[in-house]
Amino acid sequence: MSTVQRIKDIEDEMARTQKNKNTNYHLGQLKAKLSKYKKELLTPSSSGGGGPGVGFDVAKTGLASVGFIGFPSVGKSTLMSKLTGTHSETAAYEFTTLTTVPGTMNVFGAPIQVLDLPGIIEGAKDGKGRGRQVIAVSRTCNLIFIVLDVLKPLNDKGVIERELEGFGIRLNQSPPNISVKKKEKGGIAITNTVPLTKIEPEEIKAVLSEYKIPNADVMIREDISVDQLIDVVEGNRVYIPCIYCLNKIDAISIEELDLLYQIPNSVPISSSQWLNVDELIDIMWQRLQLVRVYTRPKGRAPDYTAPVVLRKGRCTVEHFAHAIHKEIAKQLKYAVVWGKSSKHPRGQKVGLDHILEDEDVLCLVKH
Ligand SMILES: Nc1nc2c(ncn2[C@@H]2O[C@H](COP(=O)(O)OP(=O)(O)OP(=O)(O)O)[C@@H](O)[C@H]2O)c(=O)[nH]1
Ligand SMILES: [K+]
Ligand SMILES: [Mg+2]
């Protein structure tokens, strides 16, 4: 039996099975099996076309990268060309772009790599078109733009999300707050710090048993689903922020535009007419979680022309000092910070472990 057929059989069985106390274990098992077969499908083999799941060869440059995903002719290349000034062929026919076209965009002083990708179609993750390579590249990005054409049905959005999800990409989600510690004996011990409304203990046991984990301490700190548990057990998921770019708004009415605004994480734009692109850039900056810090030499005005750009989670005074020169942290007596992270408007004296925020101004004082 082919893997595709096995997946279909499991899906049929799940649809037939009513969820109740007696079937929880069985359903948990089925979900875990389904996830395993889907993974098999993604592992390159002689089946399915489109080549193995390796990405196009693109050298990563800049501080972060943004990948453009979408169906053909939604306007990915038009947007990328205008944002970066790099030429990427655009045309009215589908599949104009056939490989990854990298460009660099300067966002508030930070070089950001933008990757224009070929259009994908339904079934991409299973090897249709160049889908696998496209999705493999997007797995490595710090941010994904799903570009949608407002003139086309919005169920395209669901199709693309499922393609990415099937490849282990989780959009706009955080890693589930669960830990599964395997042990030698004692069976499955479940501890939860919040009530669980979406998963039963029997389902947890079934999933772990399916993954050959008979003994483990399971610590759950949020109201997770069975799928989230499987994500943790599988362990190869990537969690990437995503912005839905609703393109070609120049071609629709204001009333239609109002409806579109209700899609979470979306930004309506027109890439050809350059409408609302500034808002897109602002939101892009927020979602990249980068932190600009301006240097202020002692006794002088801050230099606002060239910020030191750090990543959230790696943005202490020490990280800042390292970004300038690796010796500086050793010579540092203290620093003075102005801005969001400062307790006082006139500046706060801080040490190496102080966490900086976007647009702070910093003065380093050496011994
Ligand atoms: N009305 C309108 N047309 C647009 C807009 N952006 C792009 N287009 C048109 O849409 C068509 C496709 O644009 P491309 O940029 O080639 O689209 P793509 O998504 O890169 O397409 P593939 O590379 O084939 O996947 C072209 O005819 C563009 O001129 C827009 O904002 N408004
Ligand atoms: K096109
Ligand atoms: Mg293109």
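**View 1. Gly119 and the residues it meets from elsewhere in the chain.** Setting aside neighbours within four places in sequence, Gly119 is in contact with Gly70, Phe71, Pro72, Ser73, Glu94, Phe95 and Thr97. Keep in mind as you look that this is a predicted model. To find Gly119, go to the loop between β3 and α4. Is Gly119 buried or exposed? It counts as buried, because 24 C-beta neighbours lie inside 10 Å and the cut-off for a buried residue is 20 or more. Now look for Val74: Gly119 and Val74 are 45 residues apart in sequence, yet their C-alpha atoms are 8.4 Å apart in space.

**View 2. Two loop residues with positive phi, Ser73 and Phe95.** Both of these residues appear among the contacts of Gly119. Ser73 sits in the loop between β1 and α3, and Phe95 is found in the loop between α3 and β2. Although Ser73 is not a glycine, its phi is positive, at about 65°. Phe95 is not a glycine either, and its phi is positive at about 60°. How many C-beta neighbours does Ser73 have inside 10 Å? There are 19, so Ser73 counts as partly exposed. Phe95 has 13 such neighbours inside 10 Å and therefore also counts as partly exposed.

**View 3. The surroundings of ligand 1.** Here you can pick out the shell of 25 residues that surround ligand 1. Gly75, Ser77, Thr78, Thr97 and Gly119 are the closest. Which helix gives the largest share of this shell? That is helix α3, residues 76-84, with three residues. Sorted by class, the shell has 14 polar, seven nonpolar and four charged residues.

**View 4. Helix α3 and what it packs against.** Start with the buried residues of α3, which are Lys76, Ser77, Thr78, Leu79, Met80 and Leu83. Around them, look for β1, β2 (101-107), β3, β4 and β10 (242-247), against which these buried residues pack. Just beyond the helix, α3 is followed by Gly85, with a positive phi near 80°.

**View 5. Helix α4, largely enclosed by the rest of the structure.** Why is α4 described as largely enclosed? Seven of the eight residues of this helix, residues 131-138, are buried, so the rest of the structure largely encloses it. The buried ones are Gly131, Arg132, Gln133, Val134, Ile135, Val137 and Ser138. Among the elements that cover them you can find the strands β1 (64-69), β3 (110-116), β4 (143-149) and β5 (169-171), as well as the helix α5 (155-165).

**View 6. The largest nonpolar core, and a second one.** The largest nonpolar core has 59 residues. Within it, the residues with the most contacts are Ile69, Phe145, Ile146, Val147, Cys245, Leu356 and Leu362. Which strand gives the most to this core? It is β4, with six residues. Domain 2 (64-173 + 238-288) and domain 3 (291-366) each supply at least three residues to this core. For a separate group, look for the second core of 13 residues, which includes Ala32, Ile204, Ala206 and Ile224. Back in the largest core, Val147 makes a good residue to inspect. Leaving aside neighbours within four places in sequence, it is in contact with Phe68, Ile69, Gly70, Val74, Gly75, Lys76, Leu79, Cys245 and Asn247.

**View 7. The stretch annotated as TGS.** The label comes from an unreviewed UniProt entry, in which the annotation "domain: TGS" covers residues 289-366. Over these residues the chain is 41% strand and 15% helix. The C-alpha atoms at the two ends of the stretch are 29 Å apart.

**View 8. Stepping back to the chain and its domains.** The domain assignment gives domain 1 (3-43 + 176-234), domain 2 (64-173 + 238-288) and domain 3 (291-366). Taken over C-alpha atoms, the centres of domain 1 and domain 2 are separated by 32 Å. In secondary structure, the chain comes to 11 helices and 16 strands. Its C-alpha trace spans about 75 × 60 × 45 Å along the principal axes. Of the 367 residues in the chain, 33% are buried. Finally, among contacts with a separation of 6 or more, 64% are between residues 24 or more positions apart.

How values were computed. Residues numbered from 1 in each chain as written. Chains lettered and ligands numbered in written order. Predicted model: local features only at pLDDT ≥ 70, side-chain atom pairs only at ≥ 80, totals over all residues. Near = placed C-beta within 6 Å. Helix = DSSP H or I, 4+ residues; strand = E, 2+ residues; numbered from the N terminus. Nonpolar A, V, L, I, M, F, W, Y, C, P; charged D, E, K, R; others polar. UniProt positions renumbered as here; feature names shortened; annotations may be inferred. Buried ≥ 20, exposed ≤ 12 C-beta atoms within 10 Å, placed from the backbone. Contact = placed C-beta atoms within 7 Å. Core = buried A, V, L, I, M, F, W, Y, C linked by C-beta atoms within 7 Å. Domains from an automatic or database assignment.
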